[in-house]
Amino acid sequence: MNFPIISSLILLPSIGALFLFFINSKNITGIKYVSLFVSIINFLISIYLWFIFDQSSSEFQFVESRVWIKDFINYKVGIDGISILFIILTTFIIPLCILSVNSSIKNRLKEFLIAILLMETLMIGVFCSLDLVIFYLFFEGGLIPMFLIIGIWGGERRVYSAFKFFLFTLLGSVLMLIAVISIYWIAGTTDIEELYKLGIDPKYQNLLWLAFFSSFAVKTPMWPVHTWLPDAHVEAPTAGSVLLAAILLKMAGYGFIRFSIGLFPLASEYFVPFIFVISLIAIIYTSLVALMQDDMKKLIAYSSVAHMGFVTLGLFTFTQQGVEGGIFQMISHGIVSAALFFSVGVVYDRTHSRRINDYGGLVNVMPKYSILLMVFTLGSLGLPGTTGFIGEFLILMGTFKKSFLVAAIASLGVILGAAYMLWLYKRVVFGELTNQKLLKMIDLNKVELFILTLLALSIIFFGFYPDPFSNTYSVSVENFLSEYNDKLNNYNLQNQ
Amino acid sequence: MINLFYISTEIFLSLSILSLLLIGVFKKKSESFIYNFSCIILLVGLAININLNPQSPIDLFNNSYKINYFTTLIKSVILISAFLVMLCSLNYVKQNDILKIEYPILILSSILGMLVMVSSNDLIVFYVGLELQSLSLYVLAAFKRDDIFSSESGLKYFILSALSSGLLLYGCSLIYGFSSSTNFDLIYQNKESIEYGIIFGIVFILVGLAFKITAVPFHMWAPDVYDGSPTSVTVIFAILPKIAALTVFINFLYGPFLEMFDQWQAVIIFLSIGSMVFGAVAAIGQKKLKRLIAYSSISHMGFALAGLSVGTNEGIQNSIIYLIIYLIMNIAFFCCLFMLKRENQYFDKVEDLSGLSKNHPLLSLSMMIILFSLAGIPPLAGFFAKFYIFTAVIEQSMYFLAIVGLLSTVIAAFYYIRLIKIMYFDEQKEKYDLNHSLGLKMILMISSTIILIYFVNPNIINNFVSDITLI
C-alpha cells in the first residue's frame, strides 16, 4: 500500500493541535509558529497532491480503505477532481486565519488555535470521505470547535449566536443521520463508490433526498433556514467568520454534489423546481435584506446567502456549465468572502465598530486598504476579470439552458449584488472623513497586507486564468453528469 | 450435586459481607478499613467472575439460576463500575461524615442483589435479588440522616419502590397463575396461546422494572431521590440498578415471552419514547446538576429501551453498548461533581460551574467532552452509542421511533450545551480545591479519554457484546 497521503492530510492538523495542547500557554510566539508551521505544511502537501493528481481521470484517486467498525463501516477516503479543489481552499485559508489572530484574539490564544486546527482536520475530512458515516462524523464533528469559537471568542451576543448555530445545524443533521442509516439497510453499504454503482431504489429516493436536504439546506444556508448565519457571522471573531464563510458553507454545497445529486438522481430531478424557487428567493430576498444592513459583517453574511443561492441554482441545472459554475462560484466565494471578512476584521480591530455609519472617508487614511477592498468588492459583485464573474456567468449560462425565466430573475440578483457591495464600498471608503476617531487609523501592517494581497492576487489571477481549476474538475463533472443522465434514462426506460 | 463453583462470585461476596459485618462490630474505628477492603473485595469478585466465564450456558438449582456469557459480562460490568464508584466517592464519603461501617457493606449487599437479579431464571429468585438490591439502596438514600433532604429521599424511594414491588409481585402471581410455574423455561413451555392474564402479568412486571430504571411515566421519584441523596449514593442510583434492571428486562422479555414480542413491543416503545422526550424537555429548566443528570439519565434509559424494542440480537447488543458507554460517561460526570469542592463543601448547582474553564482548564475540558458526549455529538463515544441504537431501530423500519429519538437529542443538546456555555462563556467565580485523591483524578482522566478516543477503534468495546445471542 502506498503512503496514506490523504489520511496524513487529515491527521496532521490534529497532531499539531495535540502538540499545542502540551505547550505552555504563556509561550505565545511558540504556539503561533507551531500552528502556522503545521498549517503551511498541510497546504504544501495539498498542493503536492494537486500536482500529482491525474486530471484526466474521473475515478476517485489516492483511495484508502480499512476496516473501522467490524462488519459495518469501512474508513474510506479519496479524492476526485471536485473535492481536491475544496481541500486546497481549506488548506489555503487556514494559515491565513492563523496569521490573522495576531490582532484579533486577545485571550486564550492556545485554545483558539487548537480549535482552528481541529476544524481543519474535520473540514478536510468532509471533503475526502467516501463513506456516508465517515462523512457524517466529520460534518457534525465541526459543530464542537465552531460552537466554541463563536461562543468563547465572539462578540456581545455570542451566546445566542452560538446556540442558534449549534441547534439549527444539529436539527438539520439528525435527519441526515436517519437517512444515512436507512441507506445502509436499503443498499447494504454506506460506501459511496459502491452506492454510485448500485443506485438507490427509486421509491425511497425522495424521502432520503429530503433528509439530506434538511441538513445541507441549514448548512448552505438556504432561504428559510438561513437566519443562523448572519448571527453567527456577526458574533464570531474574524478567523471564525472566515472559516464559516469560506469553508463551512462549502461543505453543504459539496454535499449537494456528492450526495444529493450523486446518490438520488431521480429525486434531484423531481425537486428541481423547488430548489430553483428557494434559490431565487435566497438570491433576491437576501440581496434586498443586505441592502438595508447597517452592520458590515451582516451585509457580507447576507451576500453569502445570496451567493450560495447562485451555487445551488447552478448545481441543480445539471448542465456542464451550471455545475462547473457552481463549483467555481464556491471556490471563488470562498476566497472573496474570506477576504471581505478579513477586511472587516482589519477595521474592526482598530475601531471596534462594525457599523457602516461609523466609517466613511477611509481612503484618506488607509489608501492601501481601500485599494484592496475595492478588488474584493469587485470580486464579490462579479466584475469580469475576477473569479466572481466566471462563477456567476457559468451558472447563469447553465440556467438559461434550463429556464429563461429563472435565469432572468437570477440575473437581477447580480445587479442587486453590485448595488449593495458598491454602496457599502462608497459609504465606508469614500465621502468625508466625519468620524474623528478614524483620523488616527493606521494603514495595513505587514501581516494584514500580506494576507489581503495574497487573496487579492488569487482573485485576479484565477479571474483571468481559471484553467488550473477548471481543468481539474471538468473531467469529473463531465463523468458525473453522464452518470447522472444514464441513471435517469435507465429509469425512464424501465418505466416505459 | 449442584456445582457451586459457578456461583463462587456470589458466595464470595456474601461471605465477605458477613465477615466485614463481624469486623465492623468487634473492631472500633474500622470504617476506613472496611471501605478500602470492600473495594478490594469488589476487585477480587471481578477476578473470580471473569475467571469462571463458562464455555457453554450453565443452569443451576433446577434451572432457576443461569450463568452464561451474557450474565458474566453484565456482572463484570456491575463489579467494575461499583469499584470505580467506590473509589471516586471516597473523599466525598469521608468529608460528609457518612463513612460508617454500614455504608460499604450496604453497597456490597446491593451489588450482591444485582448479581442475583442478573443471573435469575426464575421469578422468585429475581424478586429476591431485586429486593436485596432495593432494600440496601433505601438505606443508602437516607444515609445522611441529619439531612432532611436525604431522609426525604430515602422515604420517598422506599414508599414508591414498595408500590412498584407490589405491582411487580402481582404480575408474578398472574404469570404463575396462568402458566403454573415461576421458572422462565417452564413458563416458556407451559404458556398456551396468548392469554390476557399473561399479558397483564407482563405489563405489571414491566411497570415494576420501569420504575427501577426510571422510565417515564414511572420516573417521578428519580429527580428528588437523586437530588436528596448524598452524591456518592446518587452515582450508584444513576448507574448500577439500571444495568441490573435492564438486564432483567432483556432476560425476561427475550426469555419466556419472546414469542409474545408483538404484545409487549408497544409497551417498550411507549416507555422509550416517553423517556426520551420527557427526559430531554424536563431537564431544560433544572438548576441543580443532580436533578439535571436525573432527567438526563431518564432520557438515556429511553434510548437503551429503544434498542430493546426492536426484537433483534443487534438491538440487544447495541443496548448493552449503550449502557456501557452511558456508565462511563456518568462515572466521569460524577467525578467532575466530586471535584467541585471548596473547603470541604461540595457544590452541585448549575451556576457553580460558572467560568470554570478559566480556573480549572483541565477539569472543564473533561466536563465539556463528557457533556458533548452525553448530547451525542460526533465523534465522541455518546454519538456512537446512539448511532448503534438507531441502526438497530431503523433496520426494523421503525422510523417514527428513530425520528422522535433523534429530535429529542436535539432538545437534550440544548441543556448540555447550556452547561458548556456556563463553564466557558460566563464569568469566573472563586477557585475550587485541587487536592483530590489520585483515584478520582485517574478515573476522570481515563474515562474522558475513553470517551474522546473511542472512535479510533470502536471494536474494542463492541467485541465484548458481539457474542451475545439471545434469540
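**Exercise 1. In chain A, what share of the contacts with a separation of 6 or more comes from residues 24 or more positions apart, and how does chain A compare with the globule rule?**

Solution. Start with the contacts. In this predicted model, pairs of residues 24 or more positions apart make up 79% of the chain A contacts whose separation is 6 or more.

Next, look at what the chain is built from: chain A has 21 helices and 2 strands. Its radius of gyration is 22 Å, close to the 23 Å that the globule rule gives for 496 residues, so chain A is as compact as a globular protein of that length.

Now add the outline and the inside. Along the principal axes, the C-alpha trace of chain A spans about 75 × 55 × 40 Å. Of the 496 residues in chain A, 57% are buried.

**Exercise 2. Go through the same steps for chain B: how many helices and strands are there, and what is the radius of gyration?**

Solution. Count first: chain B holds 20 helices and 4 strands. Then take the radius of gyration, which is 21 Å for chain B; that is close to the 23 Å from the globule rule for 471 residues, so chain B is as compact as a globular protein of that length.

The box around the C-alpha atoms of chain B, taken along the principal axes, is roughly 65 × 60 × 40 Å. Buried residues account for 57% of the 471 in chain B. As for contacts with a separation of 6 or more, 78% of those in chain B join residues 24 or more positions apart.

How confident is the predictor here? Chain B averages a pLDDT of 88, and 99% of the residues score at least 70. For the complex, the ipTM is 0.91 and the pTM is 0.92.

**Exercise 3. Which helices of chain A supply at least two residues each to the side that touches chain B?**

Solution. Begin with the head count: the contact takes 25 residues from chain A and 23 residues from chain B. On the chain A side, helix H5 (132-141), helix H6 (143-153) and helix H7 (158-187) each give at least two residues. H7(A) has the largest share, with 13 residues.

Then sort the chain A side by type: 19 residues are nonpolar, 3 are polar and 3 are charged.

**Exercise 4. Which residues of H7(B) are buried, and what covers them?**

Solution. Find the helix first. H7 of chain B runs over residues 148-179, and its 32 residues reach 46 Å from first C-alpha to last, close to the 46 Å expected at 1.5 Å a residue.

Now list the buried residues: B:Ser150, B:Ser153, B:Gly154, B:Tyr157, B:Ser161, B:Ser164, B:Leu168, B:Gly171, B:Leu174, B:Ile175 and B:Ser179. A bit of background helps with the spacing: an α-helix has 3.6 residues a turn, so residues three or four places apart point the same way.

For the cover, look to chain B itself, where helix H6 (123-141), helix H8 (184-190), helix H9 (196-212) and helix H10 (221-228) are included. Just after H7(B) comes B:Ser180, with a positive phi near 55°.

**Exercise 5. Which residues touch the most other members of the largest nonpolar core?**

Solution. This core has 359 residues, and the ones that touch the most other members are A:Ile178, A:Ala339, B:Ile78, B:Tyr322, B:Ile331 and B:Cys335. Helix H14 (residues 313-339) of chain B provides the largest share of the core, 20 residues.

Zoom in on A:Ala339. Once neighbours within four places in sequence are set aside, A:Ala339 is in contact with A:Phe376, A:Leu452, A:Leu455, A:Ala456 and A:Ile459.

**Exercise 6. Where is B:Lys29, and is B:Lys29 buried or exposed?**

Solution. Place it first: B:Lys29 sits in the loop between helix H1 (8-26) and helix H2 (31-51) of chain B. Then count: 7 other C-beta atoms lie within 10 Å, and exposed means 12 or fewer, so B:Lys29 is exposed. Its backbone is worth a look too, since B:Lys29 is not a glycine yet has a positive phi of about 50°.

**Exercise 7. Where do cis peptide bonds join A:Thr220 to A:Pro221 and B:Val216 to B:Pro217?**

Solution. In chain A, the bond from A:Thr220 to A:Pro221 is cis, with omega near -15°. A:Pro221 lies in the loop between helix H9 (202-219) and helix H10 (228-235) of chain A. In chain B, the cis bond between B:Val216 and B:Pro217 has an omega of about 5°, and B:Pro217 is in the loop between H9 and H10 of chain B.

How values were computed. Residues numbered from 1 in each chain as written. Chains lettered and ligands numbered in written order. Predicted model: local features only at pLDDT ≥ 70, side-chain atom pairs only at ≥ 80, totals over all residues. Contact = placed C-beta atoms within 7 Å. Nonpolar A, V, L, I, M, F, W, Y, C, P; charged D, E, K, R; others polar. Expected span 1.5 Å × (residues − 1). Buried ≥ 20, exposed ≤ 12 C-beta atoms within 10 Å, placed from the backbone. Core = buried A, V, L, I, M, F, W, Y, C linked by C-beta atoms within 7 Å. Rg over C-alpha atoms; globule rule 2.2 N^0.38 Å. pLDDT = per-residue confidence, 0-100.
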